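Here are a few notes to go with your first look at this one. Keep the 3D view open and click along as you read.

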Amino acid sequence: MKIFRKNSKFPIGIDISDYNLKLIQINSKGRDSLEIQAISKVTLEKGLINDGDIINKIKVLDALKTLLSKPLKGKVTSREVVACLPETKTYLKLINVEKSPNELSQVIEAEMEKHIPFPIDEIYYDYQIISSDRNSFNVLIGACPKRFVNQYIDILKEAKLSIVGLEIEAIAISRSLIQEEVQKKKKKPQKKNYLVIDMGAKRTSMFVYSQNTPLFTLNLPISGGAVTSKIANFLEIDDKQAEKAKIVCGMDKKKAKGIIRNVLVDTLDEIVDKIEDAIDYFKNHFPDRGEINQIIISGGGSSIKDLENYLQEATSIETIKGDSLINLNNSSPEMQSYFVESYKLKNDFSIADKDSKSLTITQDDRLAFSTAIGLGLRNVFNSKL
Ligand SMILES: Nc1ncnc2c1ncn2[C@@H]1O[C@H](COP(=O)(O)OP(=O)(O)OP(=O)(O)O)[C@@H](O)[C@H]1O
Ligand SMILES: [Mg+2]
């Protein structure tokens, strides 16, 4: 029996990265019944977008049109969009601003210049007062150079989309992975501090989320793409095979003579170093907030089997894989199956171990959609920033 469902009126969320365009549209049958109506992904050729800079507008526009017209599942029923700005080009920080008789916006602008490496007239910015005491305000500032914002506005408009919002990625990810973020209007601020790590194809980023707000973001030039290239070099195979080999073999010591494991471990150890830097920064700049209570990993790169255990052991902080469906009603078997992908490697016994001929793996790719889901949820939860 087919159940009739009214089409969603919520704006679509579009996550634009150097290698992928991803789309999610949420539908609701009431505040407590949120589901995914449409999911779409288009992988981009290399070089169309470089570090957030749209280099080949025509091809990216074509890819956007495919993203909208050929979803992997469901149907796209809105032309309104919430998109994210390129992570490496945005700035997000909670700053403390002294109360003064001057206009608050002027005081914030002056303070912002100390934190953002661009002149104020070259950026678009937004801010939100998070809390205040007798002498000062805690203000969350977000900024991005105008040049990039304008590129994203242009291309989305050319795809005949109407822009409802452009967001900083950490805000979108908080909305999909952290329950407190969507419950904050109902409940008192939680005292738990999270370090969220998003491991993507092009870069890894981290942010600390504390008392219902992200505090700061850090960007690291460590990427899933670089790991794939290293594997391709070591095994003398092309990037496509290396990508599948990485996913199929993972941290298994027996597969590919442990080469893939070694490359992954090198990269993870670099990430562990950066986690320590992020924690030091947090402790120095926000000394009253206590310890990081939990690390949440996200992004396609976090799909490595047992990665959470590896990081937990290395950092001694509880580490979990995020669940990007946590703020939706994710229990339907249909929705659970939406994100399952199968990766198959050509029979190559220099990569497989001797005892196992299995070169196919299925994995749940929902963590690669954390950003797109958070963007799709923006108007559902009517967030401010
Ligand atoms: N099982 C796995 N093991 C290791 N890496 C994986 C696995 N599954 C996916 N990946 C990696 O995840 C990356 C893609 O992640 P994701 O889709 O989050 O990136 P992106 O959002 O397109 O890029 P970015 O966020 O860096 O701009 C690829 O490098 C891919 O190889
Ligand atoms: Mg990403």
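1. Start with helix 4, residues 169-177. Since 9 of its 9 residues are buried, the helix is largely enclosed by the rest of the structure. Bear in mind that you are looking at a predicted model. Want to find the buried residues on screen? They are Glu 169, Ala 170, Ile 171, Ala 172, Ile 173, Ser 174, Arg 175, Ser 176 and Leu 177.

2. Next, go to helix 1, which spans residues 57-69 and holds Ala 63. Ala 63 has a relative accessible area of 9%, so it counts as buried, the cut-off being under 20%. Try a distance too: from C-alpha to C-alpha, Ala 63 and Gln 312 lie 38 Å apart in space, and 249 residues separate them in sequence.

3. Now look at Gln 294, which sits in strand 15 (residues 294-298). Is Gln 294 buried or exposed? It is buried, with a relative accessible area of 9%. Its side chain also has a partner: a polar contact of 3.1 Å links it to the side chain of Glu 318.

4. Finally, turn to the surface. Which residues form a negative patch there? The answer is Asp 266, Asp 269, Glu 270, Asp 273, Glu 276, Asp 277 and Asp 280. Take Asp 269 from that patch: you will find it in helix 8, residues 259-285. Asp 269 has 34% relative accessibility, so it is classed as partly exposed, which is the label for values between the buried limit of 20% and the exposed limit of 50%.

Notes:
Residues numbered from 1 in each chain as written. Chains lettered and ligands numbered in written order. Predicted model: local features only at pLDDT ≥ 70, side-chain atom pairs only at ≥ 80, totals over all residues. Heavy atoms only, no water. Patch = residues over 30% accessible without salt bridge, like charges linked within 9 Å, V, L, I, M, F, W, Y side chains within 5 Å. Areas by Shrake-Rupley, 256 points an atom, 1.4 Å probe, with all protein chains shown as cover. Salt bridge = Lys/Arg side-chain N within 4 Å of Asp/Glu carboxyl O. Lys, Arg positive; Asp, Glu negative; His and termini not counted. Charge placed at Lys NZ, Arg CZ, Asp CG, Glu CD. Helix = DSSP H or I, 4+ residues; strand = E, 2+ residues; numbered from the N terminus. Buried < 20%, exposed > 50% of the residue type's maximum accessible area, 1.4 Å probe, protein only. Polar contact = N/O pair within 3.5 Å; in protein donor to acceptor, adjacent residues only side chain to side chain.
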